[in-house]
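Q: I'd like a close look at just one part here, the largest nonpolar core. Which of its residues touch the most other members, and which elements give two or more residues to it?

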Amino acid sequence: MIMTEKPDPARLAETSRIAVRPMQADDYSRVELLWGRAGIPVRTGADDLAAIALFLGQNPDLSTVAECEERCVGALLCGEDGRAGFIHRVAVDPECDRVEVVSTMLRRCLLKLRALRLTRCYLLEEDVGRSVEIGRLAANGLGGAGQKLT
């Protein structure tokens with residue numbers, strides 16, 4: 001799917017306020033609150049601090065937190081299996097510019113995967129509607145969908 005709508009240049013200027021960095025286990029409480037604001041359910045056992053800390057340790061520097069004025073406004077989990085990358089649990093604060101937050105986080109994540117010489121990445125979302133929405137947000141913010149990482 002290729003989106004024809006181009007991002008609004010005025011909104012692109014706001015990107016400079018969004019800082020992205022690797023997610024740390026210390027971010028868990030803020031990310032869990034963000035999941036709640038974004039309507040993403042926390043799964044018992046799979047999404048607790050111990051499980052997320054283990055995931056982050058197994059996939060160092062791939063998962064991302066987005067901050068705006070020291071507030072956690074976005075998060076995504078990213079892992080890899082040596083052949084491809086996997087993105088899931090994409091959350092954006094509903095009060096923020098979703099296109100900018102999603103595209104900024106995805107851009108960082110895809111660059112990290114490319115540095116690992118991975119040329120494929122899959123979005124894993126349980127909710128089909130959320131998958132489509134994330135795809136549209138990414139296409140609008142990154143300039144088109146369906147691009148290889150190379």
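**Inside the core**

A: Buried residues (under 20% relative accessible area with a 1.4 Å probe, protein chains only; exposed is over 50%, partly exposed in between) make up 42% of the protein's 150 residues. Bear in mind that this is a predicted model, where local features need pLDDT of at least 70 and side-chain atom pairs count only at pLDDT 80 or more, while totals for chains, interfaces and linings use all residues. Numbering starts from 1 along each chain as its sequence is written, and side-chain values use heavy atoms, leaving out hydrogens and water.

For orientation, the protein has 5 helices and 5 strands (DSSP runs numbered from the N terminus: H or I of at least four residues, E of at least two). From the N terminus, they go α-β-α-α-β-β-β-α-β-α.

Now the core itself (buried Ala, Val, Leu, Ile, Met, Phe, Trp, Tyr and Cys joined through side-chain atoms within 4.5 Å). There are 18 residues in it, and those touching the most other members are Leu76, Cys78, Ile87, Val101, Met105 and Leu113. Two or more residues each come from β2 (64-68), β3 (71-80), β4 (85-92) and α4 (98-115). The biggest giver is α4, with 7 residues.

Zoom in on Cys78. Leaving aside residues up to four places away in sequence, Cys78 is in contact (heavy atoms within 4.5 Å) with Phe55, Asn59, Leu62, Ser63, Phe86, Ile87, Cys109 and Leu113. A separate core of 14 residues lies apart from the largest one, and its members include Met23, Val31, Leu77 and Ala91.

Phe55 leads us over to α3. The buried residues of this helix are Ile52, Phe55 and Leu56. They sit on the same side of α3, because they cover an arc of only 100° around the axis (taken from the directions from the helix axis to the C-beta atoms). Ala50, Leu54, Gly57 and Gln58 are exposed on the other side of α3. As for partners, the buried residues of α3 pack against α2 (28-38), β3 and β4.

How far can you trust it? pLDDT (the predictor's confidence in each residue, from 0 to 100) averages 79 for the protein, and 73% of the residues score at least 70. Helix α3 (residues 49-58) has the highest confidence, at 96, and helix α1 (residues 9-13) the lowest, at a mean of 40.
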